[in-house]
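Here is a short briefing to read alongside the model. Please have the structure open as you go through the points.

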Amino acid sequence: SGTFNSTAGTIELNGTSPQTIGANVFSGNLISSLVISNASGVTLGGTLGISTSLSFGNVNNSVLNTGDHLVIKSDATNTGMIADITNNGANSGNSISGKVTVERYLSSLNNRAYRLLSPGVSTTTSIHANWQEGAASRYDNPKPGYGTHITGTTVDQTNGLDATATGQASLYTFNGSGWTSVLNTTTATLNAGTGYLIYVRGDRTFNLDQAQPIPPNNNTSQNTILEATGTVTQNEVDLSGLSVANNQSLVANPYPAPLDWGKVWTDNSSNFQNYYIYWDPNVGSRGGYVSVTTAGIVSLDSTGQSGSASNVNPTQIQSGTAFFLTTKSSVVGNPSLAIKENHKGTVNNRDVYSPVVNLQVLH
């Protein structure tokens, strides 16, 4: 049995024996929200996109078996989420089995900019198979509107990288003291707890041959969706081995859901300062750092530009976001950051990923 609220667009499965959502049951294989309230579990028999929320109802030890078919959607209108599966501790034992595809819509507005991102899942397949859509060449665009170029070579597809005239890298990880470029996207996988600095030119329609576009015949970028398929983080995760006292660590929101910064910091206040640092694509020409506390934005490092706007919601760290934390001076050794299901927030703010100015950036 189940219920369908056509106004809210919510499907709730609350039977007492195992239930299956078959393939092609819903138009476009897309629904707004899915609630699992069946202790015997639910299985997906075909692709199902969730545009708003997946959650568990008043139930314990229920399993959603995705069959690798579940997609948490993201577009210009909304971004879906997997809500707190423990219902803030009221229930226990609920879980998701199988792979999940998590999308992150990135608005371009013709502003190519850096982003600090995380995939929302941990993959067994490569960065190239996910964020580059498995493209065969820098001209290849397997899924228009999805994916992006990741550069770092002058010989196309060397180690999976898209070639440019300069060979400049566009994807980096943080090693505790500085940035390290990702040199091979065919062997490296994506991790939900890892933050990545990536220069996003838009989707793969961008022409990398036009290295220095000159307005009005500029090479404008398009909006894109980065997607990754893998396992979702469930229950508590401890991001360990972070930087020592008075140093910064790059961490990532491990869930395909917003994080409530106030809740995260309350449970980690003995180790970290009460602010996080986010890279905002609205600041400067390619983005800039924004320091944020639970009270609001406290500073903008706008690389010399004053009055830059920021769309950051101080209390809600969005899904797909990586950010810096500062370890307190009193901490001995390398601390851990505990992130829990009940730290999940409820407010999606797609404007965080949307540059508000139309700037031509050369890269």
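Let's start at Asn246, which counts as exposed because its relative accessibility is 55%, above the 50% cut-off for that class. This is a predicted model, so please read every value here as computed from it. The notes below move from two asparagines to a buried glutamine, then to a strand pair and the protein as a whole.

**Two asparagines with positive phi**

- Asn246 is not a glycine, yet its phi is positive, at about 70°.
- You will find Asn246 in the loop that runs between strand E19 (237-239) and strand E20 (248-252).
- Asn87 also has a positive phi without being a glycine, and here the angle is about 50°.
- The loop that holds Asn87 lies between strand E9 (81-82) and strand E10 (95-97).
- With a relative accessibility of 27%, Asn87 counts as partly exposed, because that class covers values between 20% and 50%.

**A buried glutamine**

- Gln316 belongs to strand E25, which spans residues 316-317.
- The relative accessible area of Gln316 is 7%, so Gln316 falls under the 20% limit and is classed as buried.
- A polar atom of the Gln316 side chain lies 3.2 Å from the backbone nitrogen of Thr346.
- Once neighbours within four places in sequence are set aside, Gln316 touches Pro258, Leu259 and Asp260, and also Gly345, Thr346 and Val347.
- Thr346 therefore appears twice in this picture, as a contact of Gln316 and as the residue whose backbone nitrogen faces that polar side-chain atom at 3.2 Å, within the 3.5 Å limit for a polar contact.

**Strand E2 and its partner**

- Strand E2 covers residues 10-13, and its two faces differ: Ile11 and Leu13 form the covered face, while Thr10 and Glu12 form the uncovered one.
- Strand E4 (residues 30-36) pairs with E2 in the parallel sense, over four bridges.
- Within this pairing, Glu12 from the uncovered face of E2 stands opposite Val35 in E4.

**The protein as a whole**

- The protein contains two helices and 27 strands.
- Of its 363 residues, 53% are buried.
- Among contacts with a separation of 6 or more, 67% are between residues 24 or more positions apart.
- About 14,200 Å² of the protein is exposed, and 48% of that area comes from carbon and sulfur atoms.

Technical notes. Residues are numbered from 1 along each chain as its sequence is written. This is a predicted model: local features need pLDDT of at least 70, side-chain atom pairs count only at pLDDT 80 or more; totals for chains, interfaces and linings use all residues. Side-chain values use heavy atoms; hydrogens and water are left out. Buried means under 20% relative accessible area, exposed over 50%, partly exposed in between (1.4 Å probe, protein chains only). A polar contact is a pair of N or O atoms within 3.5 Å; within protein, one must be able to donate a hydrogen and the other to accept it, and residues adjacent in sequence count only if both atoms are side-chain atoms. Contact means heavy atoms within 4.5 Å. Accessible areas come from the Shrake-Rupley method with a 1.4 Å probe; for residues, only the protein chains shown count as cover. Two strands pair if DSSP finds at least two bridges between them.
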